[in-house]
Amino acid sequence: MATLDFLKLALRQKAIATTSSPTQPLSDTQYSAGFDIIVRDSGWATYQDFIIPQLSRLLGPLFNSRSHISVLEIGPGSKSVLGHLPDPLRRKIKRYAAFEPNGLFVARLEEWFRTYDNTPEETESPLPCLAHPPDIRQTPFVLGSGTESGTSDGEEKFNVVLFCHSMYGMKPKHKFIEQALEMLVDGGMVVVFHRDGTLHLDGLVCHQTVSFPTGVVHVADDDEVLDCFAPFVGGFVMQDVDADRALRVEWRKVCRALGRREEAHPDHLLFSAPNIMATFTQHATKLPELTAQVPLREENMAVKNREARLHRPAAVVRPTEVPHVQQCVRWALKHGTSLTVVGGGHSGHCLQPNVVAVDMGAFDQVHIVTAGKAEAEFGIASPAMVVAEAGCKTGDVVGKAMSAGLAVPLGARPSVGGGLWLQGGIGHLARLHGLACDAIIGAVVVHVDTGQVVYVGTVPGQHLPAGAVRSADEGDLLWAINGAGTNFGIVISVTFEAYAAPTYSVQNWVVPLSDKLEARRKLIDFGEYARKLPRNVSADAFLYWNANQLHLGVTRFESSTAELTLMPTPSPSLSPVGTIQRPEDNPKVVLDGVELFDAEMYMSGMHGGHGGGKTSSFKRCLFLKDIGAVDVDDTLVAAIETRPSPLCYLHLLQGGGAVSDIPSRETAFGCRDWDFACVVTGVWSRDQDGTEAARAAVQWVYKVVTDLLPLSSGAYGADLGPDPRDAALAVTAFGPNLPLLARLKHRFDPCNVLAYACPLPQLPRGPKLIILVTGESGVGKDYCADIWVSVLNKDKCLTARAVSISDVTKQEYATVTGADLSRLLQDRAYKEQHRPALTAFFQHQVRQRPGLPEEHFRNVVYGAADVDVLLITGMRDEAPVAVLSHLVPDSRLLDVRVQASDNTRQTRRGFHGGGGNDGDENRDNKDGKDGNNAKSNSIAMDYSPSLVFNSEMFGCEGARDFAVRGLFPFFSKNLQRLGDMVQTVPDFPSPGIDFGHILGISQQPGGLALCTSLLKTLFIHDWDDVHAVACCEAGGFIFASALASHVNVPLALIREAGKLPPPTVSVSKPSSHISSSTSGNSTTEKRIEMGRDVVPRGASVVVVDDVLATGRTLYAVLKLLTEAGIGADRVNVMVVAEFPVHRGRELLRRGGFGKVHVQSLLVFGGA
């Protein structure tokens, strides 16, 4: 199917060949007629499926951070696409202007707005909240139009400038975008939707790009329609009437020759209409900042991948030292843009249009670390190691290792680079030693959230860059690098475990196939043959078409070293598939690791050989368990029969062995249960790059993998990128590890610097409310949790679930000890018998893995992303809200303490006397002694739970009432209204901070009254017992003053030292989070004070503040109250908004104020 861009080229070539008559631009009528054909019916699907959803997603955060939005639309046509945005976004638009040179379109657009203005009130305008009538200018957007074409002055600014219908006729395009950028207010953006080929923007850097390669335009195969369509695509008509009439006849022929016909649309011609969205911010022109610090690549880069070769990056920088890489990351973070990384150049997404590419080619060293040297450095028996820098190619590593008598299980092509090793790496040693990523035991990485250089795992000291530190998240980062490493940082080098270098014997042979039945039989035979091979032998198959016949090619690899002691290879004569192997005609060839690269059949034997740069290819890979299954066989054979090019083929690489030995969750590479990796490869002649032949091959690959996907056990992530057709494959690429990878992506790459790596799903928002149900053994935590779940689920708008965090410990304990897991989970008496052993087991686990409690907590939360309320029992942490809330910053975390008397607890546990805590219950006493001797209330603890429920006193009905009174208020509409009043301001007060403007609530109509009412009604104690409301300037003054007046309680003002008359009490106060972000100095201290006699000693005080972030301000206030004679047990804190990521509660607890009860109305995950 030809693209519209290719059709335009063909039409213009035909015009040159047909006539020498002068051309002229289209009239408004001619342009309108052609445009209507493009956007109607199937063409409108591009708007519905791509433009409108992408625009809504893109503009949502910007619109939500502003109360008033102004938009300038360039060439809107007869209706603005903004009228199709979701209602909340449309209502934010207060000012609309447009440049539209087509008079017909201007009339229709004005009529479109007038029609709504003159309809009954129940029919709203497409932009219902405009403060002024739309400013529609019948003039083109030309260079200099900001001051010359219809604007009153040069100072007119907009939040959004939108080019929605391509940049038709605008050259050079980058100049028009630069002009649009000058028309933005701070924080605004330019959005371009473009379907007219590749955008070449001469160094402008995209903030974000998204492609839509599957757009299609259906054009009626009718002379009159084609006579409107072809001039619109070509962009002109002839001045001479007779020449124009003759040319249109020829243009109809071109359209009919290039348009595709389908049975479903026999009267239409189909053309491919790919579209891209490119967005630009005021940072788009900041590339010189980077190129002044990091060298540019001087010569053209040899990129293997055909997709990547079609893209023109904003620049290719070539760092030569680690600080250069750090500068690239810091530049990207500063300007809110993304980077791509180039290693071997085999990835289709290593280059992206108008995105900066980081070429790692200068990091090309391979270092051998012998077993003796490794043992001397690390003090333990250690294998030999190979340290490979990120710019190395597989051939470099194999050659250097082989010269030292070593081997690393890498991929099968010498030119592939680090991207393959980090995402899998299926090579000829995979069945014996595993994948390439399995051999990675250490790495040096530049963090893309900070630019810091860190190392993980085992890295020999002499190969550590200056300033590298061991990662604080070493376990998670190394786990992610082993299979999904291109998503989590820019890797400088990896350390491989090395093995003894083998020699290889290789055999190639071909079996002609007469029909489908024989093809199926031979595939079954081949699968059986391969299944019986020992691990040092692998067999790959190739299904292809040649000389008018289907063929099955086989390549058999056998590795051997002096160290290998393996089963002998089955003799071909004993094989049940003697027809598969013909050794008498195909002698074995003995090769070393380097020579092996050219031994595969597709390199030298198939179709005359695919090596030597004569062809281009596109491939995607799926994992298959049983190639002999009927559905699989039929799909494979049908794929070859429908190939668009005679060079297309299927490659089946054998798996199993060491690949399958590793549990799916042990590394990020989670697809382990497969016998063959099926590489679907579309191939065409290199001189056909960019033509219909190349596009047909790509479409064929996606069609085949779509058919195979339901029959597969997953997709290979190394090939996948931002193409939306990869999304369905990416969901299956990491097996059970995808949810965790999504969360690690959010943690390690929160700004999406590596946006074009294998796509990971957006982080699910997860539960809105997480309730930690705590208490001593036997108080009825699980019973209460189940009741609360049943009550919450009765609300049609909520879903709730209860889980025990200790179940995983019980499962691991049962595996190790042989205990009955089902009885551990369901039989209380049986669990009590194992309680001491469970306690010891869990404590041993924590000693070995100190981060285990947090890991268990994260996994439980990640597994409940589909619910609104998650209740977790079996908690083992003291002060769990303070300890864990930063791990779930977008969720509200509560600790509900369940209590009961000692006698009731013992009765419920089924015995009297001693006991103790186990891995199943909350650990209230640090020494793990008999929990029966501990107090059954919060006074015995050093922290204050969020809520307390006495299960013995109130029973079942009390538990139900508690859910209604204590839990449902967190979902009140008034709280949601209050949250909606908080605007997010990006890059304030410094770049990288999304500022939640809490004080802005008081500037919203009714905002202060609503906030005051919620502070009063949600306070869990009695206001009659409160003697004073304390607040610290400046934010606290606003909310505390209104609340104190509302509850008729005196106000205690806390100010900077020197602003209150004596006598006063004062303490030092460090800078707040926002203040230190502005000044860059978190150590600056001031003093705060309050009147000495304002609050009586021992009085009950409620501290009110706008924000709890780091907790530094609140900590100083609590110290001040202590100096004034107010104990921590007499203080409650209420804040309007909490930002848990900064761990403010933990600071208060460590500072001795854990018993202070803290309540927050709102919880946010940002700054």
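Reader: Which elements do the buried residues of helix α34 pack against?
Author: In this predicted model, the buried residues of α34 are G1007, L1010, C1011, T1012, L1014 and L1015. Their packing partners include two helices and three strands, and these are α33 (973–980), α35, β42, β43 and β44 (1157–1163).

Reader: How far apart are the end C-alpha atoms of α34, and what span should its twelve residues have?
Author: The expected span follows from a rise of 1.5 Å a residue, and for the twelve residues of α34 this gives 16 Å. The end C-alpha atoms agree with that expectation, because the distance between them is also 16 Å.

Reader: Which residues of α35 are buried, and what do they pack against?
Author: Helix α35 covers residues 1035–1047, and its reach of 19 Å from the first C-alpha to the last is close to the expected 18 Å. The partners of its buried residues are α34 (1007–1018), β38 (1028–1032), β39 (1051–1056), β42 (1101–1108) and β43 (1131–1138). The buried residues themselves are G1035, G1036, F1037, F1039, A1040, L1043, A1044 and V1047.

Reader: Which residue follows α35, and what is its phi?
Author: Helix α35 ends at residue 1047, and the residue that comes after the helix is N1048. The phi of N1048 is positive, with a value near 60 degrees.

Reader: Where is A1034 found, and what is the omega of the peptide bond that joins E1033 and A1034?
Author: A1034 belongs to the loop that runs between β38 and α35. The bond joining E1033 and A1034 is a cis peptide bond, and its omega is about 5 degrees.

Reader: What is the omega of the peptide bond from P1062 to P1063, and in which loop does P1063 lie?
Author: The bond from P1062 to P1063 is cis, with an omega near 0 degrees. As for its place, P1063 is in the loop between β39 and β40 (1064–1070).

Reader: Is N354 buried or exposed?
Author: N354 sits in the loop between β14 (339–342) and β15 (356–359), and it has a positive phi of about 60 degrees although it is not a glycine. A residue counts as buried when its relative accessible area is under 20%. The relative accessible area of N354 is 3%, so N354 is buried.

Reader: How does N752 count by its relative accessibility?
Author: N752, in the loop between α24 (738–748) and β31 (769–774), is not a glycine but has a positive phi of about 55 degrees. The class of partly exposed residues lies between the cut-offs of 20% and 50%. The relative accessibility of N752 is 35%, and therefore N752 counts as partly exposed.

Reader: Why is Q983 counted as buried, and which residues does it touch?
Author: Q983 has its place in strand β36 (residues 983–986), and it is buried because its relative accessible area is 19%, where the cut-off is under 20%. Leaving out residues up to four places away in sequence, Q983 touches N64, S65, R66, S67, F995, G996, H997 and Q1004.

Reader: In what order do the seven strands of the open sheet come, and which are the edge strands?
Author: The seven strands have mixed pairing and come in the order β4-β3-β2-β5-β6-β12-β7. The strands that pair on one side only, and so form the edges by definition, are β4 (135–137) and β7 (208–212).

Reader: How many bridges join strand β5 to strand β6, and which residue is the bridge partner of F163?
Author: Strands β5 (residues 158–163) and β6 (residues 184–194) run parallel, and five bridges join them. In β6, the residue that partners F163 is V192.

Reader: Which helix supplies the largest share of the largest nonpolar core?
Author: This core has 103 residues, and W421, F488, V494, F496, F526, V680 and L741 are those with the most contacts inside it. The largest share of the core amounts to nine residues, and it comes from helix α22 (residues 692–708).

Reader: What percentage of the residues in the protein is buried?
Author: The protein has 38 helices and 44 strands in its secondary structure. Of its 1167 residues, the buried ones make up 56%.

Conventions
Residues numbered from 1 in each chain as written. Predicted model: local features only at pLDDT ≥ 70, side-chain atom pairs only at ≥ 80, totals over all residues. Heavy atoms only, no water. Helix = DSSP H or I, 4+ residues; strand = E, 2+ residues; numbered from the N terminus. Expected span 1.5 Å × (residues − 1). Buried < 20%, exposed > 50% of the residue type's maximum accessible area, 1.4 Å probe, protein only. Contact = heavy atoms within 4.5 Å. Pairing = 2+ DSSP bridges. Core = buried A, V, L, I, M, F, W, Y, C linked by side-chain atoms within 4.5 Å.
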